[in-house]
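Colleague: Before I use this model, I would like to hear the reasoning behind the words used to describe it. Please show it to me and take my questions in turn.

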Amino acid sequence: MASHGPCQLNADGPASAARAAAERAARDSYGRLVAYLAAHTRDIAGAEDALADAFASALAQWPTSGVPQKPESWLLAVARRRQVDASRRRRTADAAREHVAMIEDERSGIAAEEGFPDERLKLMFVCAAPEIEPAMRAPLILQTLLGFDAATIGAAFLVSPSTMGQRLVRAKARIRQNAIPFRIPDRSEMPGRLDAVLAAIYTAFAEGWSDAAGADPRRTNLASEAIWLGRVLTSLMPSEPEVLGLLALMLFADARGTSRRTAAGAYVPLADQDVATWNGDLIDEAESLLLRASRFRTFGRYQIEAAVQSAHCARRRTQRIDWPAIRTLYEALAQICPSPVVSVNLAVAVAETDGPAAGLAHLAGVADDARLTDYQPYWAARADLLARCGDFAEARRAYDRASGLQSDPAVRAFLMARRERLGASLN
Amino acid sequence: MQYMLLIHVDETKMPKVPTDETYQMAAAYNAYTEALRKAGVLLAGERLKPSGTAAAVRVRADRTEVLDGPFADTKEQLGGYYLIEAPDMDAAVQWAARCPGSSTGTVEVREVWPAMAPAN
């Protein structure tokens, strides 16, 4: 259970055209179909099961009957029938209500139309509802809107497949039991609710993006799928500046995704990346999204973070990083959403504008935060600033902590090489 | 909760004589051990000698057998372990991902049964 969708489609040679059609339908409309099927019943797991059955039927029938003219409608009709069958079997009052609602829909012919309403936005808000544990919001969106299986999601979030599967099942049961409504939040609750959706999409992106070597195709894929979700969200909410900001942020990062490694797989820090290897089209698109967002004159964390990326990317034209701008942006970010991540980034910007000692002083100001004990970037930043201040003994200790906490072997090797060079300059 | 991180590595891929890579690996393990210690989660941890030096013992029907080599005949062999304290499996898996052994081999994470209270 909890493992359906595009990744599950497998068929052999003669069925390859049907499989390709089913995969296309899955890629384009999996989330739309689940969202629509679940909107009435609030039973996401049931909707996924019904859709999985529909895809299985498609793979069985399309090779002989041919691919229907409107594959999406075909899948929807079959899935609806499965849902009706399933609810009939349950014979509960709840099921009866669902059943009536579904028959009503059927009669009005909505299901037969190609243009059935797009309920994905409502589904995103359901997945990121306050009743859902924050850590489960991104996994839930990945499964329901994209059809990712529990193993793929688990790999990205460092959780075993069975545990992730159980958590997804529980989260969907919660949606059903708490009768979390499929609706767009109203104006008064929108900021907080939208923030949860954006955070979930960004989390998915970050998990995928952190696989810089592209060693795990499932994780790399997560970054591009998160961008795709960002695009869907942008098309559904074109006047939300933070939605535009998040998409811009992801595109900026994606534009230099492959520049983080040499051909031999060694880590290349941002400041050393060859700007010629960045994707200029993505950067331009991100810039124009950020500009569009800024016209609404309401700033938020995603626009600010995108602006930081924009300042880094400015090196493409000016040959230098605009550190004063970056510092101002992180100061603003520290005001609206303080976190250890922001503190460390601000300390680095302070070091670049006022010198490494000032940066270290800033880091010392937040060192009491218990969350920093295991926070790798804190130790990496501290090591670098100590080295630049000439305190090699302390720098060596900080490099040890930073490499000990690093799970990416390329970054670990980079940090350890830096530590070694410290030794050389001492002797 | 206590968790055992069992590090399985392919011994045939390990160089017979120490190379730069060997020293880098040792330094990476030192850094990792230090990070575990500083985070206050390390309970124990050791590296094991190659499985070729192992003996497998079993007593069956009053007969004791001693065999050469490791118990399991797999591509990756148990090469070392860490015993750590972590709030839950997720946190333990996080530490396992940071272990240098997870980028060269496989780190198995096992929760330790809590000690049973002695019967009165």
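Colleague: How many residues does each chain give to the contact between chain A and chain B?

Modeller: This is a predicted model. In it, chain B gives 16 residues to the contact and chain A gives 15 residues. On the side of chain B that touches chain A, helix H1 (20–38) and helix H2 (89–98) of chain B each supply at least two residues. H1(B) has the largest share of that side, with eight residues.

Colleague: What makes up the side of chain B that touches chain A, by class?

Modeller: Nine residues there are nonpolar, three are polar and four are charged.

Colleague: What secondary structure does each chain have?

Modeller: Chain A has 20 helices and zero strands. Chain B has three helices and six strands, in the order β-α-β-β-β-β-α-α-β from the N terminus. The C-alpha trace of chain B spans about 50 × 45 × 20 Å along its principal axes.

Colleague: What share of each chain counts as buried?

Modeller: In chain A, buried residues are 44% of the 427 residues. In chain B, 25% of the 120 residues count as buried. To be buried, a residue needs 20 or more other C-beta atoms within 10 Å of its own.

Colleague: Why is Ala60(A) called partly exposed?

Modeller: Ala60(A) has 13 other C-beta atoms within 10 Å. A residue is exposed at 12 or fewer and buried at 20 or more, so with its 13 Ala60(A) is partly exposed. Ala60(A) lies in helix H2 (residues 44–65) of chain A. Its C-alpha atom is 8.8 Å from that of Ala18(A), and the two are 42 residues apart along the chain.

Colleague: Which residues touch the most other members of the largest nonpolar core?

Modeller: That core has 140 residues, and those with the most contacts to other members are Val34(A), Ile141(A), Ile201(A), Ala248(A), Phe252(A), Ala286(A) and Leu5(B). Helix H1 (residues 16–41) of chain A has the largest share of the core, 12 residues. In soluble globular proteins, nonpolar side chains tend to be buried together.

Colleague: What does Ala286(A) contact, leaving aside its neighbours within four places in sequence?

Modeller: Ala286(A) is in contact with Ala248(A), Leu251(A), Phe252(A), Ala255(A) and Ala306(A).

Colleague: Where do Ala248(A) and Phe252(A) sit, and which helix does their helix meet?

Modeller: Ala248(A) and Phe252(A) are in H11(A), among the residues there that meet H13(A). On the side of H13(A), the residues include Tyr302(A), Ala306(A) and Cys313(A). By class, this contact has nine nonpolar, four polar and two charged residues.

Colleague: How is the packing of H11(A) and H13(A) described?

Modeller: Two packed helices are described by the angle between their axes and the distance between the axes. For helix H11 (residues 241–255) and helix H13 (residues 301–313) of chain A, the axes cross at roughly 35° and come within 8 Å. The crossing is left-handed.

Colleague: Why are H18(A) and H19(A) called roughly antiparallel?

Modeller: Helix H18 (residues 376–389) and helix H19 (residues 392–404) of chain A pack at an angle of about 160°, with axes 8 Å apart. Angles over 145 degrees count as roughly antiparallel, so H18(A) and H19(A) are roughly antiparallel to each other. H18(A) passes H19(A) in a left-handed crossing. Among the residues that meet are Trp379(A) and Leu386(A) in H18(A) and Phe392(A) and Tyr399(A) in H19(A). The contact of H18(A) with H19(A) has 10 nonpolar residues, one polar and three charged.

Colleague: What makes H15(A) and H16(A) roughly antiparallel?

Modeller: The angle between helix H15 (residues 323–336) and helix H16 (residues 340–354) of chain A is about 150°, and their axes are 9 Å apart. The cut-off is over 145 degrees, and H15(A) and H16(A) are therefore roughly antiparallel to each other. Here too the crossing is left-handed. H15(A) contributes residues including Trp323(A) and Tyr330(A), and H16(A) residues including Leu346(A) and Val350(A). By class, 10 residues of this contact are nonpolar, three polar and three charged.

Conventions: Residues are numbered from 1 along each chain as its sequence is written. Chains are lettered from A and ligands numbered from 1 in the order in which they are written. This is a predicted model: local features need pLDDT of at least 70, side-chain atom pairs count only at pLDDT 80 or more; totals for chains, interfaces and linings use all residues. Two residues are in contact if their C-beta atoms, placed from the backbone, lie within 7 Å. Helices (H or I, at least four residues) and strands (E, at least two) are DSSP runs, numbered from the N terminus. Ala, Val, Leu, Ile, Met, Phe, Trp, Tyr, Cys and Pro count as nonpolar, Asp, Glu, Lys and Arg as charged, and the others, Gly among them, as polar. Axes are lines fitted to C-alpha atoms, for helices over the stretch in contact, and angles run from 0 to 180 degrees between N-to-C directions. Angles under 35 degrees count as roughly parallel, over 145 as roughly antiparallel, 65 to 115 as roughly perpendicular and the rest as oblique. A crossing is left-handed if the near helix is turned anticlockwise from the far one by less than a right angle, and right-handed if clockwise. A nonpolar core is a set of buried Ala, Val, Leu, Ile, Met, Phe, Trp, Tyr and Cys residues joined through C-beta atoms within 7 Å.
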